[in-house]
Each structure stands twice: as structure tokens, then as C-alpha cells.
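Trainee: Could you take me through one small spot here in close-up, and then put it in the setting of the whole chain?

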Amino acid sequence: MNLAAIAVSALVPLVAGSIWYNPKVFGSAWLSSSKPPEEEARQGNMPVIFGLTYIFSLMLSLLLYALVVHQSAVGSLVATQPEFQDATSELSLWFKDFEERFSDLHRTFGHGAFHGVIAAIFLALPIVGILALFERKGGKYIFVHAGYWVVALAIMGASYVRGYECPSPHPDRYSHSRGSQSRV
């Protein structure tokens, strides 16, 4: 683990925030929109709000899936290799064997919920916290929103339990013979 790179990358939100929230960029818009009047907060185009919320939730779900389902990392590595396109290649056969052996490993409700909570603590909480600090919101604001994300992401992560997913688009290539799985 490169601790220096981690320390330097932690400065990015500060630098980007100082530019993004500068009054000459989006700072004035941010200040004027951070405390809407109560009657304005009750208004809004709800279909747009819920539609965008769903799109953002899809984005979160894609990220969370990659964090929860460790096997997806292996799939993303091999899927771009030219020989993977040939179902009879050594790589394709190896991947099929890998999926048959390990597709259910760490695919439990608890494991998914655990990764959801971890994502909430290490992704959502810092984002909500940083925004709240610069918007001069209190700790209650931070913990209400962070608590929501802990619950939401835990449930999302838990939903990736084996058996609750779409079937593979190529069942002949990615068949899962659960009855004869061997574990290493």
C-alpha cells in the first residue's frame, strides 16, 4: 500500500473544492441554494427528482456491486482479453472453472451488508461530512444523512446475495453447477 499516494490524494477534495466552490465558479450558486425557503423546499418537479435519484442510485449500485462481489474483479480483468471471446480458449475455460468453483464465495446477506456499511462509512460519510462542513451544517445534519446511507448501502450490498441476480447473458459460457462446486 502506497501511503504517500493515499496522503496526497486526500488533498484532492480540498483543492477541487477550493476551485469548484469559488464565487467565480459555483460558489455563489452554492451559497444561494444551500438554504432554500421552506415553501420552496416543498415544491419541485417530483418526477425529475425521483428519476435523477434513481439514476444516481444505479451509479451507486454499480460501484457497490464491484465492492461486494469480489469475483467481478476477476471478470473485469479477463473480459477484455481477445482470447476470452473464444469460448474454447484456455482463458475462457479457466474463467468458467473459476466461476463454477468460487461464484458463491462471500455471497451472503451479511457479507453484502458489511460492505454496504463500509462503503457508507468510508465513502458516503466523508462526502456528506465535507459538504456539511462547508455549508456550515451541524453534526446532527451529518449523522442524519450518514445514518441514512449506512442503512441504504447495507441493504443494497445485502441484495447481492447469490440467487438474487440476473442470469448471465451467456449461460453456455458461464454456467454455474452449484451441486458440484469444489472449494479451495
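Mentor: Sure, let's start at S89: setting aside neighbours within four places in sequence, S89 is in contact (heavy atoms within 4.5 Å) with E83 and F84. Bear in mind that this is a predicted model, where local features need pLDDT of at least 70 and side-chain atom pairs count only at pLDDT 80 or more, while totals for chains, interfaces and linings use all residues. Numbering runs from 1 along each chain as its sequence is written, and side-chain values use heavy atoms, with hydrogens and water left out.

S89 sits in the loop between α6 (71-78) and α7 (90-102); helices here are DSSP runs (H or I, at least four residues), strands are E runs of at least two, and both are numbered from the N terminus. With a relative accessible area of 9%, S89 is buried (under 20%, with exposed being over 50% and partly exposed in between, using a 1.4 Å probe and protein chains only). A polar atom of the S89 side chain lies 3.1 Å from the backbone nitrogen of S92.

For contrast, look at another loop residue, R136, which is found between α8 and α9. R136 counts as exposed because its relative accessibility is 66%. Its phi is positive, about 60°, although R136 is not a glycine.

Those two helices also take us to the largest pocket, whose lining gets at least two residues from each of α5 (46-68), α8 (109-134) and α9 (139-158). A pocket is an open set of points on a 1 Å grid over the protein atoms alone, where a 1.4 Å probe fits and protein lies on both sides within 12 Å along at least five of seven lines; lining residues have an atom within 4 Å of a point. The lining numbers 19 residues, with F56, L60, V128, Y148 and W149 nearest the centre. α5 gives the largest share, nine residues. By type, the lining splits into 17 nonpolar, two polar and no charged residues, where Ala, Val, Leu, Ile, Met, Phe, Trp, Tyr, Cys and Pro are nonpolar, Asp, Glu, Lys and Arg are charged, and the others, Gly among them, are polar.

Stepping back to the whole chain, you'll find nine helices and zero strands. Buried residues account for 26% of the 184 residues. And of the contacts between residues at least 6 apart in sequence, 71% join residues at least 24 apart.

Key
Polar contact = N/O pair within 3.5 Å; in protein donor to acceptor, adjacent residues only side chain to side chain.
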